[in-house]
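Student: Could you take me through one part of this structure slowly? I'd like a close look at the place where the two chains meet.

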Amino acid sequence: LQFHSFIYLFAFLPIAFGLYSIFRRSIVGKIVILIASYIFYAWVHVWYLIPLLCTSLLDYAIGLRMEAAPNEVTRRRWLVFSLTANLGLLAAFKYAGWVSQLLHEGAMRLGLPLAVPIVSVPLPPGISFYTFQSMTYTIGVYWMQHPPAKNLLDYLNFVTFFPQLVAGPIQRFRNLWPQISATRERLSSHEASAALFLILWGMFQKTVLADNFGGLVEFTTRTFPPQSNVVVPGMGLIFMYAFAGQIYCDFSAYTNIARGTAKFFNIELTRNFLTPYFATNPSDFWSRWHISLSSWLRDYLFTPLNMAWRGRRGQTYQIMISLFITMLAIGLWHGAGLFFIIWGAYHGFLYVVYQLFPLDRFLTRHLGRLGKALSIVIFFHLVCIGWIFFRSSPQQAGTIVESVLRVPAMLSSLHLLAGGNAIWDWITRNWVFSVLLWGLCIYATPLLIAEALAYRVQAEFGDLWTKMPTWVRIVVILLLIYGIVFFAYRQGNEFIYFAF
Amino acid sequence: MISERLKGVILRCLKLDDFDIRDETIAPQVPGWDSLAHMMILAEIETEYGIRFRAADVVGLPNMGALQALVDKKVQAKHPA
């Protein structure tokens, strides 16, 4: 079920919220949330519930077994069982097709007499999110950070809470459990208005910004192979910027709607973004982008790897290796494909480069605020280059990069000081690029304004609601509604991160 | 309260001359304290105090006060009174 569909906004959510509000104080309230979560998830295919139920029930049982285990060895075995089962399930659905394809092609190329069948398994939405969330529970029990959950109903709600089930933010047990297992207070008018604003802002981000950026991405993609073999200067640049806008607005929109929806049930989800394109270096970026995943991998992969390997080689060398593995894991988490791995490796490479040559520190030290602004611009473009690998296919990437590299030559023929006619001539000669650039600017402007306002107070735009005077709130709401009514992209798209 | 010894290790790792580190200070508030610096600091603390952390100890430390308490606990376990 899509967050930005009419049925969700005007039927599913009001009914779920209404029933929950009526039965909030009894166990029925929790059952309402669980049934709503299962309906939400099984909306397209009922069988999606099977892996979800397997993960939930298995980890619930393992948590209890770990508590009853007589010694550390047995506890560790249960943890290994949980991790193997979760990662195995994830691998079976997400990577089996890709691996079998690679084996099949490899056998064909080597002329081996092997008939490797190509496996085709449909991917249940959000499986990467809920398996990671469930694993935080068993790891937490093993590390004795919290006791195991005794109440099955509450545990099922912890894994399946529908606002964040399909695309996060991945919640930690210590954050969600105390809220989900408690009898929560009635929603205050103050919280309700904040929740509605988050949903409205998320709707604007999705339908107006993300989907229109997506339109630009689709258009420019048609100028790349295999549809076209001609390198059009500048198309790669539009593609790169538009996709940077699309993926951020799309995922951030989902998170905002998820956080707003959760607030209706008086549950505060952790944020997933913090003005990520204002980052000055890789470390800064990953503490602002998909925070729930990057912090998950930091705590459950990067830190244990470092702890296990410390002292074997030089400290910095060992940290770099752990970091590189973590970044590869981030790439692989997003999907089965060489380009996701390259994207992860690219970010690992950026980490290493910035560790050896901290360009942002150098610029800030020597140029002050201008240096910081330059660091932001430089790192934004480095992130954008990464998005080329993330979004394009292997045969397109070269053309896109070449198209970007031809931009300086294209702009060199633009003589701004020569006056209006010369500029107009240039625009008519490069009219496709000019029109797309204009479109990009139209949708980038509100995003840039919102992000700059949020960056000033180190928050997200959706969080600024509480700081706005009433008249500003009215103006912002009217602008957002106006934007959604007149500028929403008419061909509604799924959220990109549903595919992960 | 953060001891001068622990504070000294942190400042040395982060190459800072001075910084006001209190119990409630969180890592992102300290200049240069990112995931990589975090690992370097933990390794330096281990060397300084002759203790060993486990991943379970250091994941989810909320603030500097918790780090100090963890170090004290480890030192106490190593040299029981």
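**Where chain A meets chain B**

Tutor: Sure, let's start with the polar side of things: across the interface of chain A and chain B there are two residue pairs in polar contact, both at pLDDT 80 or more. That pLDDT value comes up since this is a predicted model. Salt bridges are another story, with a count of zero between chain A and chain B.

So which parts of chain A do the touching? Helix H13 (291–309), helix H14 (315–334) and helix H15 (338–356) of chain A are the elements that each give two or more residues to the side that touches chain B. H13(A) gives the largest share of that side, seven residues. Sort the residues of this side of chain A by kind, and you get eight nonpolar, seven polar and four charged.

Now for the size of the meeting place. The size of an interface is often given as the accessible area lost when the parts come together. Here, chain A and chain B bury about 1500 Å² between them, and 68% of it is on carbon and sulfur atoms. Three residues stand out on the chain A side: A:Trp143, A:Met307 and A:Arg310 supply 34% of the area that chain A buries against chain B, more than any other three residues. Counted as residues in contact, chain A brings 19 and chain B brings 16.

Let's zoom in on one of those helices for a moment. A:Ala345 lies in helix H15 of chain A. Leaving out residues up to four places away in sequence, A:Ala345 touches A:Phe324 and A:Leu328. For a sense of distance, the C-alpha atoms of A:Ala345 and A:Gly462 are separated by 32 Å, and these two residues are 117 residues apart along the chain.

Back to salt bridges, to put that zero in context. Side chains of opposite charge can pair when their charged atoms come close. Over all chains, the count comes to 23 salt bridges. One example is the salt bridge where the side chains of A:Lys263 and A:Glu191 meet, at 3.4 Å from N to O. A:Lys263 sits in helix H11 (residues 235–264) of chain A and A:Glu191 in helix H10 (residues 189–221) of chain A, so this pair ties together parts that are 72 residues apart in sequence.

Terms used: Residues are numbered from 1 along each chain as its sequence is written. Chains are lettered from A and ligands numbered from 1 in the order in which they are written. This is a predicted model: local features need pLDDT of at least 70, side-chain atom pairs count only at pLDDT 80 or more; totals for chains, interfaces and linings use all residues. Side-chain values use heavy atoms; hydrogens and water are left out. Contact means heavy atoms within 4.5 Å. Buried area is the accessible area (1.4 Å probe) that two parts lose on being put together, summed over both. A salt bridge is a side-chain nitrogen of Lys or Arg within 4 Å of a carboxyl oxygen of Asp or Glu. A polar contact is a pair of N or O atoms within 3.5 Å; within protein, one must be able to donate a hydrogen and the other to accept it, and residues adjacent in sequence count only if both atoms are side-chain atoms. Helices (H or I, at least four residues) and strands (E, at least two) are DSSP runs, numbered from the N terminus. Ala, Val, Leu, Ile, Met, Phe, Trp, Tyr, Cys and Pro count as nonpolar, Asp, Glu, Lys and Arg as charged, and the others, Gly among them, as polar.
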